[in-house]
Structure formats: C-alpha cells, structure tokens
Amino acid sequence: MTSTPLIDCSHVSCTYGNAPVVDDVYLQINRGEFVGIVGPSGSGKTTLLNAIMGAHPVAHGSITLQPHLTIGYVPQVETVDWYFPVTVEEVIVMTRTKTSWWPRITASERKAVREVLGQLGIADVAHRHIRELSGGQQQRVFLARAMFSQPDILIMDEPTSGVDVRTRHEILHLLADLHENGLTILLTTHDLNGLAAHLPRLVCFNKKVIADGNPRQVLTPQVLEQTYGAPMDVLEHGGMPLVVDHGRVAMRGEGK
Amino acid sequence: MILAFNLMEPYGFQFFRHGLVVATIAGALCGLLGVFVVLRGMSYIGHGLSHAVFGGAAASAVLRINYFLGAGVWGIISGLLIARVARRRVLGADAAIGVVTTASFALGLALMNRYGQAGKSIEAVLFGSVLGVQMVDIYAVSGVALLGLVVVVLGYRRLLFSTFDRDVAQVSGVNVSAVEAGLLAMLSITILVTMRVIGTLLISALLVIPAASARMTTNSFARMLWISPIIGASTCFVGMNLSYFLNTSASATIILLDALVFVVVYAIAGTRNRMKMASLGHI
C-alpha cells in the first residue's frame, strides 16, 4: 500500500498574462523525499513552487496537498532586505501570526526559538541584527524561521544562490541532516555540481518536467541539452556525475 | 520667573491649546504609522494621499458635506484605488500614486477655484493653520490615534511579517492585500485629521522624518515603533511653542525641527556605525 503524496501536481499549467510558464506538469512529492528541481533562469521553477504554495494561480490542472499540510518556505536570501531593523529572534517569531496576536515575544516562544536555533547550530545569534551574520548564518536563520512552524515539508528557492563554497557545503550538510531526521525537502537550484548532483531525486525542468529520477539517471547530455538548450558533457568524478558545459570546454580549447 | 511667564504666554489662547494638543497627538500618530511608510519604501504615498485628501476636503466643502465624512471617504477610496492600481505590476505603486492623487488634487483645486473662497482657504489647507482647530479636531485626532494604536498592537505580527517579507507572508497565510489596504486606509484618515494643523504639503514630512530618525537609532522594529512616535510628538510640541515665539508657520517650524533632529541623529549614528563596523571587520 502506498501512502498519499504530500504534494500531487496533476497536469498543472500556469501563465503570466498569456505566456505559459509552467506547462502540463505532473509531479508528486512523497513524505521523506529530498527533491531538487533544476533548470535555467526563467524556466518556471519558482512559479511552480509558488503555485504549490497557493501564491500563483493554476491555469489548468490541479495541485492537491495532503490535508493539514504545513509548509516551511525559505525564499532566496538575495531577496531579503538585510538593512531591515529586525533581530534574528524577531525574524523567526514573526511567522506566528495565527496562534498569537500579542506583539511581545513570550517566554515559551523565546524557548522555542532557542531550540530551533540550537538545532541549526546558531543558538547564540538570537539577539543579533540580521546584517551582523555571516552568509551561512543568514541562510540558517531563514531555515530556522521555516522550521519554527514544525513543517511537514521544507520548500526552498535557490538555497545556495549567491553563497560562497564553504557556505554551500554547510547548507548541503545541514539539509542532509534534516532529511536524515525525517524532514521532506523540495528545493530549486541552478547549482548542478555543488548541490543537485548530491540529491537523491532530481527533476530537470523547463516549463515542463524533462526528466525525473536520481542524478545518475537524469544528468545526461541529452536531458541537459533539452533542459538548458545548450550542449553539456557529463563526466564522472569521485563516483558522482560532474556537468561541464561546452562553452567552457570550447573557450579552454581556443586558449590553447 | 519672567521667562517662565513668557513661555506660558501662548497657553492663554484657546486656539493655541487646541492646536498644540492636535499637533502633539498627530505627531505621535504620524510617527507610529511612519514606521511602516519608511520601511515599506512608501514615502511618496504620504505625499500623494495628502493631495488626494485635499480633493476630498474641497469636494465636501462645495457639496456642504461634513469635512471628516467627505474627505475621509474620499481619502480611503483613494488609498484603496492606489493599492488596486499598484497591484498591477506593469504600473507600480509610484505611478499609481501619481495618477490617483494628482488627479484628486487637481479636482480639489478646480472646485475651490470655481466655488470656494480660493485665496486664504487654499493656503490654510496647503500649509495648515492652528487658528481653525476646534474641539472636534481634538476628538477626531484622539480617536484616530487610539484606533492606530489598536491596529498596530493587534496586527503587529502581520504588519511586521508583510512589511519585512511580503511574498513569504503571503504564502504563510497572511492576507497581505488586506493588510496593505488597511494600512492605506489608516494613513488616509490620519492625514485627514492632521491636515488642518500641518497642511497638505508638509504632512508627508511628518510621516517620514521621525521614522527615518528612529530607524537610525535602533536595529529593532519593536523599539522603532515607540521611538518614532516620541520623536514625532516631541517635535510637534516644541515646534508649536517655537512657532509662537518666532512668529513662523507652525507646520514649517515643526518640520524644520524634525529635519534638525534627523541631521543630529544622522551625524551621531554615522559616527557610531563607523565605530561598530570597524569592530565587526571579521564578518
């Protein structure tokens, strides 16, 4: 017997005006999965996430969420106003709009904030302003905010966009730990080698699902060319697929 | 003793006492709402809405409708129209404000030219006047201030969330459109009850400068929400008194005082931040 998927997208299409951005997508996310959606800029990845979260209308098809599904959403940190006057604690607690209207942070909320920050290894930053944190800490704070509502699924938009290599490693390990502890994770990423290749399930996406499977199955030259519209090679490095785009190879060849 | 007597001199006039109460409460109210105006990057909206309310004030004078009712409804409708037009991303909020409010202002001007006693009444509406302040203005500004306080306290988390992170707030179940419409409606009625003392042209400064000064003193949203009203109320109180002795316009004196506070805070905060950044060099 198979359990009901947490998210079930059936023939989903979305538009911006008359322009189709998501076209006839069929995708299921089951409990305990760790899924990455990869595709070029403008391929509709974020629109699909927004549609799943109810923030973008579905033109055709349907998205069925498991009843009472709680979603923790982590936006791209590049969209955050780092000068906004909020401390880490305020950022995390602001999401509690349904269970509490009282402006002051209560003792139990403070305790819960400490716990979630401790779980992510940044217990000591609660009273710091968000701009006073390193890149990895900033990403963890927004992860903590999403985790604060004890979600059934974590949805992240480009979690490694604009971060350095060290921070990327930190985020990857952190997500792997959370997944290990039973959390379902769905993310979008541009980062084929640094992030996507390490995930258990990968969806190559360009307005529609081009391929869906483990990285070895989907990171092939044919699928990548179909997804990105440009030829790419796939090498093997340390037992994992390594994507090299032809542009770089050609430039190196010309250099020689 | 003589100095103290002189300082108390304006309090002998009822119009001054009324004006002082309205201005001080208005300063606190504008300071409170100004926090959202500044942090949402809506500084232009205070300017725009005050122009829109001017149109409503003129229309209600011509139609002989109660000022608060006519201009209030007009202002709220303008605010909601701005919110609606701005939601069409192809235009943006600044264009929406430009279209809705300047048209409203022009209509008000035309109505006053055609049917009103143009000269002096227009000047009073544009630059404010303490002479016309009555008890009803005190009740109105007090009522709106109380309402503003209740709205901010009860809606604190929704307001903070949607101001800081609109998109995530929306996907997290906050009705962001309702929050924005409510904020614009609150701003409209604030401008309405403040306009008689401060005037249409300078009211946006009262919405922006105290909050901008408060922003430089703290990195906490919660603290900013009480520092900004204190700055707004104090500068209005002192500015009203100064204007009596300097024989200058009350609104101009208040705004100049606000600007002075801003400059002082800017200078102090700049020095403090440079020192802090130097100590955070490792980040």
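Mentor: Before we start on this predicted model, one term: a crossing is right-handed if the near helix is turned clockwise from the far one by less than a right angle, and left-handed if anticlockwise.

Trainee: Okay, so which crossing does α4(A) make as it passes α5(A)?

Mentor: A right-handed one.

Trainee: And what's the angle between those two, and how far apart are the axes?

Mentor: About 25°, with the axes 9 Å apart. Angles under 35 degrees count as roughly parallel, so that's what α4(A) and α5(A) are to each other.

Trainee: Which residues make the contact?

Mentor: From α4(A) you've got Gly135(A), Gly136(A), Gln139(A), Arg140(A), Leu143(A) and Met147(A). Facing them from α5(A) are Thr167(A), Glu170(A), Ile171(A), Leu174(A), Leu175(A) and Leu178(A).

Trainee: How do they divide into nonpolar, polar and charged?

Mentor: It's 6 nonpolar, 4 polar and 2 charged.

Trainee: Switching topic: where is Glu33(A)?

Mentor: In the loop between β2 and β3 of chain A, that is, between strands 19-29 and 34-38.

Trainee: What does Glu33(A) touch, leaving out residues up to four places away in sequence?

Mentor: Gln28(A), His179(A), Leu183(A), Thr184(A), Ile185(A) and Arg201(A). With Arg201(A) there's a polar contact between the side chains, at 2.8 Å.

Trainee: Zooming out, how many helices and strands are in chain A?

Mentor: 8 helices and 11 strands. The C-alpha trace spans about 60 × 45 × 40 Å along its principal axes.

Trainee: What's the radius of gyration of chain A, next to that of a compact globule?

Mentor: Chain A has 19 Å, and a compact globule with 256 residues would be near 18 Å, so the two agree.

Conventions. Residues are numbered from 1 along each chain as its sequence is written. Chains are lettered from A and ligands numbered from 1 in the order in which they are written. This is a predicted model: local features need pLDDT of at least 70, side-chain atom pairs count only at pLDDT 80 or more; totals for chains, interfaces and linings use all residues. Side-chain values use heavy atoms; hydrogens and water are left out. Axes are lines fitted to C-alpha atoms, for helices over the stretch in contact, and angles run from 0 to 180 degrees between N-to-C directions. Helices (H or I, at least four residues) and strands (E, at least two) are DSSP runs, numbered from the N terminus. Angles under 35 degrees count as roughly parallel, over 145 as roughly antiparallel, 65 to 115 as roughly perpendicular and the rest as oblique. Contact means heavy atoms within 4.5 Å. Ala, Val, Leu, Ile, Met, Phe, Trp, Tyr, Cys and Pro count as nonpolar, Asp, Glu, Lys and Arg as charged, and the others, Gly among them, as polar. A polar contact is a pair of N or O atoms within 3.5 Å; within protein, one must be able to donate a hydrogen and the other to accept it, and residues adjacent in sequence count only if both atoms are side-chain atoms. The radius of gyration is taken over C-alpha atoms; the globule rule is 2.2 Å times the number of residues to the power 0.38.
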